[in-house]
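Here are some exercises to help you find your way around a new structure. Try each task yourself before you read the solution.

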Amino acid sequence: MSKSKILATFAALGLLALPTTTHAVAETHLTVAVKADRYSVKPDKFTFTTRRPAAQIAETAVKPDANFNPSPLLFKAWDYEDGTYKVTLQEGVTFSDGTPFNADSAIASLKLYDQNKSDFLQLDQSSFKKLDDYQISFRSEVESALVIENMTHRGASLFLPTDAMAEYPVGTGPYVLESYEPKKQITVTRNPNYWGQAPKIDKITFLFIGDDNARLLALQNGEVDVIGEVTPQMMLSMPQDGSVVLNESRPIRYAALMFNMLGKAPFDITTDISVRQALALAIDRETLAQVLYGGRGQAAKTILPGWMFDLGDDHANGFAYDPSKAGKMLDEAGWVIGEDGIREKDGRKLKLRMVAAYPNVSTVKPMPEMLEQMFAAIGVGTEIVEVTDSGVYNDTYFGPGQADMYLEFASNNNTDPTYLLYNVFTTMSPWGYAVTSPGGNVDELAKASRVASSREEAIDLVRQAYKSIVDEHTSSIPILLVPNFTLSRPGVSVPISEYADWIGYGDVSFDN
Amino acid sequence: MLKFLLTRLAMTLPTLLGMSFVAFAIVALAPGDPVQMELRAMGIVPKPEDIAAIKAEYGLDKPFFIRYAHWLVRALQFDFGTSVATGRSVIAEIGLYLPATLMLSLTSLVGAIGISLALGTLAVMADRYTANCVRAVSIVLVSIPSFWLALLLIHVFVLNLGWSRLVGNGSAIDLILPALTLSIGAGAAMGRFVYERVRAEACEDYVRLAIAKGVSPLGILLGHVGPRIIGSMTTVWSNTLGGLLGGAVIVESIFGWPGLGQLILQAIGQRDFPIIQGYLVLMGLVFFVTSFLADIVLVTADPQLRRGLADE
């Protein structure tokens with residue numbers, strides 16, 4: 001056979017082979033189980049797509065970077081000077097209905113979400129100015145230098161104001177709404193005209209499954225690909241046969257014991273700082289991390305992880321596990337071991353009430369029981385109260401200060417470094433945390449941080465405040481830092497974020 | 001008959017009024033500030049004026065009895081207000097869930113009736129040993145907690161056999177396991193009632209007469225005993241239906257069935273008080289309607305009662 005015939009034969013075979021080697025690409029469809037449908041359709045409380053499932057439809061002005069500092073998204077650049085924010089908008093962006101994202105539509109969107117009683121933005125509605133087609137300026141109502149930080153919250157997603165907003169929200173995000181069945185599911189599909197990096201997944205369905213066990217079983221059975229909201233109980237009951245894969249972030253959420261600082265009898269024993277510090281020394285954090293989270297938790301010295309806002313790992317000294325030192329401190333404070341092993345002073349037993357509730361008991365269980373044993377080892381008796389209902393917790397135990405200690409589990413879940421400090425650790429707290437706040441210099445530092453002239457200054461004040469809370473006042477004892485978790489079926493890789501609202505479901509990949 | 005119905009209706013009015021008051025009071029007096037909880041759910045740090053505005057919006061700034069009176073007037077017009085959490089009207093919100101719960105409850109009732117008749121008649125007609133076994137099985141089935149049975153069924157039929165799926169879309173096939181879970185317990189409970197009633201009727205003269213005439217046991221059961229017990233069974237069925245409508249919360253939650261159970265669990269967690277009040281009133285109405293219908297059936301099925309009412 002001549003060379004040309006051979007080449008022709010191979011060419012022909014190659015052409016014949018083409019249809020067989022070119023496969024139709026299947027649509028990628030991800031199913032995510034989330035807990036509850038929390039969307040409000042009221043125009044003045046519009047939250048339709050501000051939470052995780054449909055946050056893919058609308059984007060925020062800025063996004064959090066790896067250390068929870070704001071980085072550009074719809075806002076390309078910004079500047080803060082003399083109380084005025086000057087912002088340059090991203091060009092070439094359109095809403096999914098084709099409306100261009102420019103100074104006019106950006107101002108309209110910003111005005112829309114600020115009417116949502118959302119005071120964390122504290123935008124001065126009358127201050128918006130269009131500087132040119134892609135530049136705007138605005139002011140904070142309270143001269144805050146942290147408005148941009150708060151815009152990383154998914155609740156601040158920018159929607160195009162339309163009459164049908166509640167039924168069909170329009171944003172600039174990588175997905176558009178395909179269908180929404182209240183209480184059942186939301187399906188979003190790829191926005192073909194998305195301005196940014198196209199996501200990997202074509203379609204995402206978020207199923208609302210309220211029961212933790214049902215979400216886990218559905219994952220095991222292959223009916224969902226990912227579970228977005230994972231409790232420690234689900235992790236404890238997670239099958240170990242490889243049918244479920246645990247994805248974890250860096251530790252971010254804290255478990256802490258907060259003391260009643262009001263000092264009203266009979267819950268006044270912990271007003272003595274020696275008692276608080278002794279209890280802090282009695283906690284074996286490594287064991288707790290191992291038992292409760294299989295080593296995934298981290299013994300905590302500080303309320304927030306050091307990487308967050310670049311706070312640094314040494315922004316508080318914290319407490320080591322030293323039960324003998326704890327015992328000595330209690331001895332020196334006049335608490336002596338009684339016949340039943342519980343310490344006494346002036347005929348009063350060193351018995352403390354510990355309430356475990358927030359955000360729910362199952363999140364921290366069996367931590368209360370383990371702490372009870374650790375405290376018993378230094379002669380402190382503990383009455384555990386477990387409350388599953390946040391209304392009962394706030395009205396019966398927390399608000400009126402009807403306990404010595406409160407076991408709480410939370411995080412600074414946005415990029416405003418002052419948010420958690422101000423709302424949870426000060427006597428000005430709108431959530432009623434005056435009960436567990438030291439007041440004094442912590443209040444002053446928190447106030448100053450909110451009106452600091454720069455982010456760096458704010459962070460430095462926050463750093464000082466947390467150090468004071470832990471080391472100086474010991475009004476709160478850090479116990480553990482815990483990651484955020486998602487569960488997925490084998491073969492599904494989830495790009496997890498410490499900021500739970502920012503888990504990139506669109507960039508989930510199927511290994512097989 | 002008409003007089004009976006009107007009297008029966010009139011007698012329920014105070015009950016319904018009391019029930020509405022209890023529903024309102026339970027929610028109003030429960031711990032947990034709905035305004036604070038709503039603001040927290042929205043991630044909003046409240047200013048005093050925000051709290052005052054929302055309290056005024058929901059009428060929470062008024063005294064308890066004024067609020068109750070306003071609520072009652074609106075409730076009589078089937079306006080139960082707006083969900084704090086979602087912004088939809090309470091009626092719309094209940095309308096989203098009610099069909100699924102109705103479907104589940106009615107299917108479960110049919111299943112429970114079938115199970116109860118099978119267990120009850122088997123226990124009557126079988127020999128002593130078998131009857132004792134059937135009764136023992138009934139007691140076991142009544143005693144099994146529904147959440148445990150649900151998990152067992154999921155383990156067997158969903159995870160092991162793969163015959164069903166857990167996350168349904170509300171279609172008929174997804175109904176089987178939750179309905180079976182509810183049917184088994186309710187059916188076993190009703191089966192004991194069937195057994196007792198049939199046994200009681202078996203001692204009556206008309207049954208002896210039928211035996212003397214040579215009618216087969218099955219013929220006696222279906223042709224003679226059945227019609228006599230149908231009235232009392234209807235009362236049991238109606239109460240069971242009411243119980244299934246209001247009591248399927250756990251089963252709905254485990255199977256992710258989009259029924260009223262999911263609604264009320266979420267509403268309680270969020271202190272969505274208009275929803276809770278609307279739900280409680282709805283459940284009261286359900287029990288009222290089902291027992292009312294049972295009374296009508298009872299009267300219609302029992303010739304003696306019918307004649308008695310006609311003579312009045």
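**Exercise 1: a pocket and its walls**

Task: work out how much space the second largest pocket holds and what kinds of residues line it.

Solution. Start with the volume: the second largest pocket holds about 660 Å³ of space. Keep in mind that you're looking at a predicted model. Next, go to the walls, where 31 residues make up the lining. Nearest the centre of this pocket you'll find A:K63, A:R154, A:W502, A:G504 and A:D507. Now sort the lining by type: 18 residues are nonpolar, 6 are polar and 7 are charged.

**Exercise 2: getting to know chain B**

Task: describe the secondary structure of chain B, then its dimensions and its buried share.

Solution. Count the elements to begin with: chain B has 14 helices and 0 strands. Reading along the sequence, you get the pattern α-α-α-α-α-α-α-α-α-α-α-α-α-α. For the dimensions, follow the C-alpha trace of chain B along its principal axes, and you get about 85 × 60 × 30 Å. Last comes burial: chain B has 312 residues, and 45% of them count as buried.

**Exercise 3: a nonpolar patch on the surface**

Task: find the residues of the nonpolar patch on chain B, and say which helix gives the most to it.

Solution. The patch is formed by B:F147, B:W148, B:L152, B:V156, B:L161, B:W163 and B:I250. Together these residues have about 700 Å² of accessible area. Now look for the main contributor: helix α7 of chain B, residues 146-160, gives the most, with 4 residues. Zoom in on B:V156, which is found in that helix. Its relative accessible area is 31%, so B:V156 counts as partly exposed. A patch residue needs over 30%, and the 31% of B:V156 satisfies that cut-off.

**Exercise 4: salt bridges**

Task: look at three salt bridges in chain A, and check how exposed their partners are.

Solution. First, the overall picture: the whole structure has 24 salt bridges over all chains.

- Step one is A:D133 and A:K130, whose side chains meet at 3.7 Å, N to O. A:D133 is partly exposed at 46% relative accessibility, and A:K130 is partly exposed at 42%.
- Step two is A:E344 with A:K349, where the closest N and O atoms are 2.7 Å apart. A:E344 has 27% relative accessibility and is therefore partly exposed. A:K349 is also partly exposed, with a relative accessible area of 32%.
- Step three is A:D471 and A:K467, which form a salt bridge at 3.1 Å, N to O. These two residues are separated by about one helical turn because they sit 4 residues apart in helix α14 (residues 455-473) of chain A. A:K467 is partly exposed, at 33%.

To finish, there's a network to spot: salt bridges that share partners join A:K35, A:D212 and A:R215 into one.

**Exercise 5: a residue on a strand**

Task: place A:E248 in its strand, and say how far its C-alpha atom is from that of A:L131.

Solution. A:E248 is found in strand β12 of chain A, which covers residues 245-259. At 37% relative accessibility, A:E248 counts as partly exposed. For the distance, compare chain and space: A:E248 and A:L131 are 117 residues apart along the chain, and their C-alpha atoms are separated by 44 Å.

Methods: Residues are numbered from 1 along each chain as its sequence is written. Chains are lettered from A and ligands numbered from 1 in the order in which they are written. This is a predicted model: local features need pLDDT of at least 70, side-chain atom pairs count only at pLDDT 80 or more; totals for chains, interfaces and linings use all residues. Side-chain values use heavy atoms; hydrogens and water are left out. On a 1 Å grid over the protein atoms alone, a cavity is a set of points where a 1.4 Å probe fits but cannot get out, and a pocket is an open set with protein on both sides within 12 Å along at least five of seven lines; lining residues have an atom within 4 Å of a point. Grid points are joined across faces, edges and corners, and a volume is the space filled by probe spheres set on the points. Ala, Val, Leu, Ile, Met, Phe, Trp, Tyr, Cys and Pro count as nonpolar, Asp, Glu, Lys and Arg as charged, and the others, Gly among them, as polar. Patches are made of residues with over 30% relative accessible area and no salt bridge: like charges are joined within 9 Å, nonpolar side chains (Val, Leu, Ile, Met, Phe, Trp, Tyr) within 5 Å. Accessible areas come from the Shrake-Rupley method with a 1.4 Å probe; for residues, only the protein chains shown count as cover. A salt bridge is a side-chain nitrogen of Lys or Arg within 4 Å of a carboxyl oxygen of Asp or Glu. Buried means under 20% relative accessible area, exposed over 50%, partly exposed in between (1.4 Å probe, protein chains only).
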